[in-house]
Structure formats: structure tokens, C-alpha cells
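Visitor: I would like a close look at one part of this protein, namely the sheet and what surrounds it. Please take me through it step by step, and say how far the prediction can be relied on along the chain.

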Amino acid sequence: RGLFRQPTTNMLRWLYRQNAEASIVVEKPVKDAFKHGYTFKDTSAADQKNAQQAENWLLMQYEDVLKQAMVKARRDGFALVMWVVDDEAETAAEPVQNPQGVSKFNMITLDDLVNPYGRFRDDIHDSDLVSAQLAADNTQYDAVQLEVTQSGLVVVDDITSPDHEEFVGIMYSRAEEIISDDYYDFIHADRLQHFVARPGVDGDVSDDVYGHLEGDSVLTPIFNPLLGITKAEWALGQSLLRYTAPLHAVEIDEQVQPADGDMEEHLQQLNDQLGSLTNKSNVALPPFHRIKTVGDNDGIDPEPFLEGLINQVCTGSEITRSVLQGTQSGTVSGSSTDIKNYYNQVERLRNNYLTEKIHEAVEMAARYDPSAVPNFATSFEIDWGDLFQIDDVERAEAMRVIINAASNGVGNYLLTPNEAREVVEAEWASVDADVDLDDLTEPDFDQLDRVNTAYGKQFGEGNSPENEVEGNRRTGQNGGGREGGETTDPDDPTTR
């Protein structure tokens, strides 16, 4: 019955363009990973200037390229960025030689490679084939050691080689159809940065798929639920139209129905008299005529089924429901646990894959464009911005809580005043409050003691400005008195 089908790249791309949930699954984790920025921090102070220069290069020249490549890789399974290097090599098929800079970056996706849909497949073990020989002429491998995948990637296929399954380049297509050998080029892996999503996948048993190089779209596991959501949304629209614009008809009582020969003429007269039945009432009709709604409005409500499909999408994408459906207003609504579960995925994307790719890009920039990025050991660490950004009110409340905790530590003899100040200074920095608190000296202690003594005399024991604001009993001039409604008992002297 065709209930399930194998998704093609074109179908996945169509979903990405047409389905709101699909676009969020593909794009939002990447956007959120970069939303609050990053800083490079070198382990040695001497190299911090170089790390800052590398950070500026990434921010100004490569960050947008990196994000675009990540999005396309999550959509298609993999994507490549070609670094157009100014060097002494005659063609891009050769390794980079004596680089003098990088002029631009070109995005390469699946449809730019040779025959992604099966029009051209080399028997790579035939060394007479030009594609195999072209790759072999520009690498250290023989043609029989290489394989061109169905995606157009050139891979070492020699099981005895230490470089088995290594990526050595791509077959780039310059035409819609492969007509002759002049319509495709080999591009060396030296000039490419390779991005892969879901690298752990495998293809069918009879089909060689290099998961770590070709990957898989993040939409593949949720392909059928996404199709169901698209159809359910259409059904909801039809249901809305059916309920808001029902079909109306005139019903004639049996006792006044005209004869069969006169029925057509009678209906024509009614039509000329009434026109459209929309917004008409029975008052406008002749006696024994009434308006009725035609059709059954008790059909299946698609809303519960849509809810179930959305839950399946959340399960297969690690994007929680409040994130998937809470982006209309620009903010995420939902429980903190729900939001944090999603941000755990973003944090893993940052710390694992994005950090690796940023280091890789900086290393390539240091090799190919030393004027933009110094050629230094890339030992810097990437300090990602907080995923949660608090406002001024939340920051002030966090600072107050930290002060109370430190004060309790001093009062309970767990911390000295200077240790408490160090704790407060460090914790305030975690909420973006940069304050320097110097150690207290003996004159400082004396001054603070006088302030605390005066404070206690002004408000009295147990009475502070906070208590006064909260409405604690202070009805008399000296803090005495009773709450409203209380009276003394003349027979009980303890109440006077």
C-alpha cells in the first residue's frame, strides 16, 4: 500500500523547505550554538594575542560559512567547503603548494558532485577509467586502490593500506549530465573542509556507504512523522473551512411541496429571490421553508493525531516540544527541565563537533593564510557563551542569594570574611557581574563594625528594612503595639 518509502535527498530537501518542524530540527541547534558567541583562550599568556587574532578571523571571515556548512550537512548528510587558495599548483586537483592566502570559500553540496543519483558509477578497479586515473595522478595511490562513491567522494578502498577509508578528494561535476571526461574535475582533499552529520550510519548490505564521510540527514529518522504532520496540517485547514463555511440548502415541508413538474420552476424562483443563503435566516423564506446545513460535521478531528506525530518528531530529533513549538514569539516557553534537555544536545554539538571543526579551520587558515592567522600551535580552548542569558532583575536576585549564602558561611564559622569576599567575587562573575573585592584590613573591619552597630541600633533586633517592607508588626513608635484586631484582656495581666 506504499505506507512507508525510502526518503530521497529531493524529498528531504522538500520537507526542509516546506515543513516548519523540519526547518527547526535542521537549523535551530546550529543557530543556538552560536547565539551567545565564544572566545578563544590560550593556555599561555604569550600566545593569547595570537588566539585573539584567530578568533577575529573566524568571526569576520569564516563563521557564516561554518554555520551554512553545518546546516547543509544536517540537511543532506554531508557538505564541503572548498578553500580557494592562492598557491603555485596548476589546478585544484593537486595538493596545496606554497600557499600565499585564501581568496574565498565555495560551498559544495551533494548536487555539485559527479552523479549523486546514479547516472555515473565507475568500476574503479578498471584503471583505464579517467576518473580513477585522474584521482590517482594527483595522490600517492594507484587507481585500483581508490573508489568513487555514489555521492562523488573519492575514498581509499585498499583494505591493506594504513589509510583505508580515508577521504582523498571529490569528483566535481560542471554539467547536468556527464557527456565526456571534460565535464568533471578532481578536487584534492587539501582544499576541502568536510562536514558530516550522523556519521555512524551504514547503508544496505549490498550498497557501500561510508557513514563517516557521507553521513545521513537528521531528517531521515523522522521522515514519516514529518510527512504525516504535513498531511495533518492540511487536514486541519480543511476541517476549519468545513466548519466555518458549511454548505446550506433550503428544505421544503412535505405538505407544501410542489408537483414534480413544478419543482424545478419553484426552486428557480427561490434562487432568484434569495441568492446566496449565507447570512440568511428562515424569516426571509416562504412559509414551510427552512434553511438547513448539509453535510456531516462529526468527522474525525485530526488534532490528536497531529499531537502524536509531533511527539514522534521530538523523540527522533532530541528537540523538546516547548522548543519545537515555542519559537513563534522568539522565546522558548516550557518547563526548565524541558528546555535544558534540548540545550544538552546543543552543548554536545558545541563541545564535540563544532569545537573540532573550529580547530580544524584555524589550522587550515594558519597553513594557507599566515597573514590572517599566525602559524601557532592550536592549543587554545574555546569558551562558549552561556546558553541561558539572564536579565538584570534575575542577575540582581542571583547576586543577593550569593551574598546571603556567604554571610551565612561567616556567621556559622565556615568562612572568614575575606574568604567570603573571594566566594562572592567568583560567583558574581558567573552571573556577569565583574566586581573586584579586595581583602579587608583591620581599619576596614573597625569601620564595618561601627556601621553594623549603627545599623542594629536604628532598626532594632529582628527588625530590618526587609522586615519593614514585608509588613512585620511595628505599629507603635518604638516598635511596639499589636496587629489589627488584637485587644487586651483586663483579667489577664500578661496581656497588658
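Guide: A good place to begin is confidence, since this is a predicted model: among the elements of the protein, β8 has the highest mean pLDDT, 96, whereas helix α14, residues 465-469, has the lowest, 47. The protein as a whole averages a pLDDT of 76, and 68% of the residues score at least 70. Two stretches call for care in reading. Over residues 327-334 the pLDDT is below 50, and the model gives this stretch 11 contacts beyond near neighbours in sequence; over residues 465-481 the pLDDT likewise stays under 50, with 15 contacts in the model beyond four places in sequence.

Turning to the sheet to which β8 belongs, one finds an open arrangement of 3 strands in the order β3-β2-β8, paired in the antiparallel sense. Its edges are formed by β3, which covers residues 102-108, and by β8, which covers residues 192-196, each of them pairing on one side only. From one strand to the next the twist averages 15°.

Within this sheet, the pairing of β2, residues 78-85, with β8 is antiparallel and extends over 5 bridges; to follow it at the level of single residues, one can start from Val81, whose bridge partner in β8 is Gln193.

The sheet also has a helix lying across it: α3, made up of residues 48-76, crosses β2, β3 and β8, and runs at about 150° to β2.

Definitions and conventions
Residues are numbered from 1 along each chain as its sequence is written. This is a predicted model: local features need pLDDT of at least 70, side-chain atom pairs count only at pLDDT 80 or more; totals for chains, interfaces and linings use all residues. Side-chain values use heavy atoms; hydrogens and water are left out. Two strands pair if DSSP finds at least two bridges between them. Helices (H or I, at least four residues) and strands (E, at least two) are DSSP runs, numbered from the N terminus. Axes are lines fitted to C-alpha atoms, for helices over the stretch in contact, and angles run from 0 to 180 degrees between N-to-C directions. Contact means heavy atoms within 4.5 Å. pLDDT is the predictor's confidence in each residue, from 0 to 100.
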